[in-house]
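Here are some exercises to work through at your own pace. Have the chain in view, try each task, and then read the solution below it.

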Amino acid sequence: MEHLPKRLGLRLPRHDYSHPGGYFVTICTKDRSHCLASAFVGHDDLGVPQMELTEIGRMVEKWINSIPAAYPNVILEQYVVMPNHVHLFLRIAGSEAGAPGSSRPTQLLSRVIAALKRFTNREAGQSLWQTSYYDHVIRNEADAFRVREYMENNPARWQEDRYYTADLP
């Protein structure tokens with residue numbers, strides 16, 4: 001019987017995820033399908049290449065923007081929709097959190113991501129997302145600055161992105 005490799009934990013060791021804070025979240029589409037946007041379709045006023053969202057991408061963006069209304073303790077700092085993934089910079093600013101000392105993300109963060117996936121899948125009429133998601137704990141303002149800068153530059157650097165895959169015919 002062939003054994004699958006042991007999956008590495010995605011959570012930051014020794015971080016108390018029960019405390020409110022900032023999180024950089026990446027959610028990839030199922031099979032890295034380019035269903036959210038088309039890359040490099042034009043330039044903004046400063047000459048930066050822009051993504052053109054597909055119908056599904058616009059629907060996902062609508063649900064992303066609904067997060068603060070649905071979850072008052074969550075601040076949507078920034079987001080970017082790429083062809084096959086989305087990046088979210090979220091701040092949890094309340095006391096609704098996971099168990100003290102837990103090595104899992106706050107239950108609120110998990111619920112937000114699960115709801116985003118559930119509602120977008122339902123509206124799309126298909127399963128859009130990979131099973132899990134990646135999160136990075138924002139440790140300080142310098143880290144927050146790096147995350148914001150990465151997200152702002154992500155569309156222009158799409159072909160260098162770790163999630164880049166060439167468009168399939």
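## Exercise 1: Strand E5 and its partners

Gln-78 has Phe-89 in E5 as its bridge partner. This is a predicted model, in which local features need pLDDT of at least 70 and side-chain atom pairs count only at pLDDT 80 or more, while totals for chains, interfaces and linings use all residues. Residues are numbered from 1 along each chain as its sequence is written, and side-chain values use heavy atoms, with hydrogens and water left out.

**Task.** Which strands pair with E5, and over how many bridges?

**Solution.**

- Step 1. Begin with E4: 7 bridges join this strand to E5 (residues 85-92), and the two run antiparallel. Strands here are DSSP runs (E, at least two residues) and helices are DSSP runs too (H or I, at least four), numbered from the N terminus; two strands pair if DSSP finds at least two bridges between them.
- Step 2. Look for another bridge between E4 and E5: Tyr-79 is matched with Leu-88. The hairpin that joins E4 to E5 passes through 3 residues.
- Step 3. Turn to E1, which pairs with E5 over 8 bridges, also in the antiparallel sense. Here Phe-24 stands opposite Phe-89.

**Task.** What is the strand order of the open sheet, and which strands stand at its edges?

**Solution.**

- Step 1. The 4 strands are ordered E4-E5-E1-E6, with antiparallel pairing.
- Step 2. Strand E4 (74-81) and strand E6 (134-138) each have a single partner strand, so one side of each lacks a neighbour in the sheet.
- Step 3. On average, neighbouring strands are turned by 20° against each other, direction ignored. Axes are lines fitted to C-alpha atoms, for helices over the stretch in contact, and angles run from 0 to 180 degrees between N-to-C directions.

## Exercise 2: Covering the sheet

**Task.** Are the two faces of E5 buried or exposed?

**Solution.**

- Step 1. Recall the general pattern: side chains in a regular strand alternate between the two faces of the sheet.
- Step 2. Sort the residues by side: His-85, His-87, Phe-89 and Arg-91 are on one, and Val-86, Leu-88, Leu-90 and Ile-92 on the other. They are all buried, where buried means under 20% relative accessible area, exposed over 50%, and partly exposed in between (1.4 Å probe, protein chains only).
- Step 3. Check the count: 8 of the 8 residues of E5 are buried.

**Task.** Which helices lie against these strands?

**Solution.**

- Step 1. Helix H1 (residues 55-65) packs on the sheet and touches E4 and E5, with its direction at about 165° to that of E4.
- Step 2. Helix H3 (residues 107-124) lies across E1, E4 and E5, running at about 145° to E5.

## Exercise 3: Three buried residues

**Task.** What surrounds Val-60 in helix H1?

**Solution.**

- Step 1. Val-60 counts as buried because its relative accessibility is 0%.
- Step 2. List its contacts (heavy atoms within 4.5 Å). Leaving out residues up to four places away in sequence, Val-60 touches Leu-36, Val-86, Leu-116, Thr-120, Leu-128 and Trp-129.
- Step 3. Take Val-86, 26 residues from Val-60 along the chain: their C-alpha atoms are separated by 9.1 Å.

**Task.** Which polar partners do the side chains of Thr-29 and Asn-154 reach?

**Solution.**

- Step 1. Place them: Thr-29 is in the loop between strand E1 (21-28) and strand E2 (37-43), and Asn-154 is in the segment after helix H4 (141-153).
- Step 2. Thr-29 counts as buried because its relative accessibility is 0%; Asn-154, at 2%, counts as buried too.
- Step 3. The Thr-29 side chain reaches the backbone oxygen of Ser-33 at 2.8 Å, and the side chains of Asn-154 and His-87 share a polar contact of 3.2 Å. A polar contact is a pair of N or O atoms within 3.5 Å; within protein, one must be able to donate a hydrogen and the other to accept it, and residues adjacent in sequence count only if both atoms are side-chain atoms.

## Exercise 4: Confidence

**Task.** Where is confidence lowest, and where is it highest?

**Solution.**

- Step 1. pLDDT is the predictor's confidence in each residue, from 0 to 100. Its mean for the protein is 82.
- Step 2. Confidence is lowest in E2, at a mean of 68, and highest in H1, at 98.
- Step 3. Where pLDDT is low, the predicted coordinates should not be read in detail.
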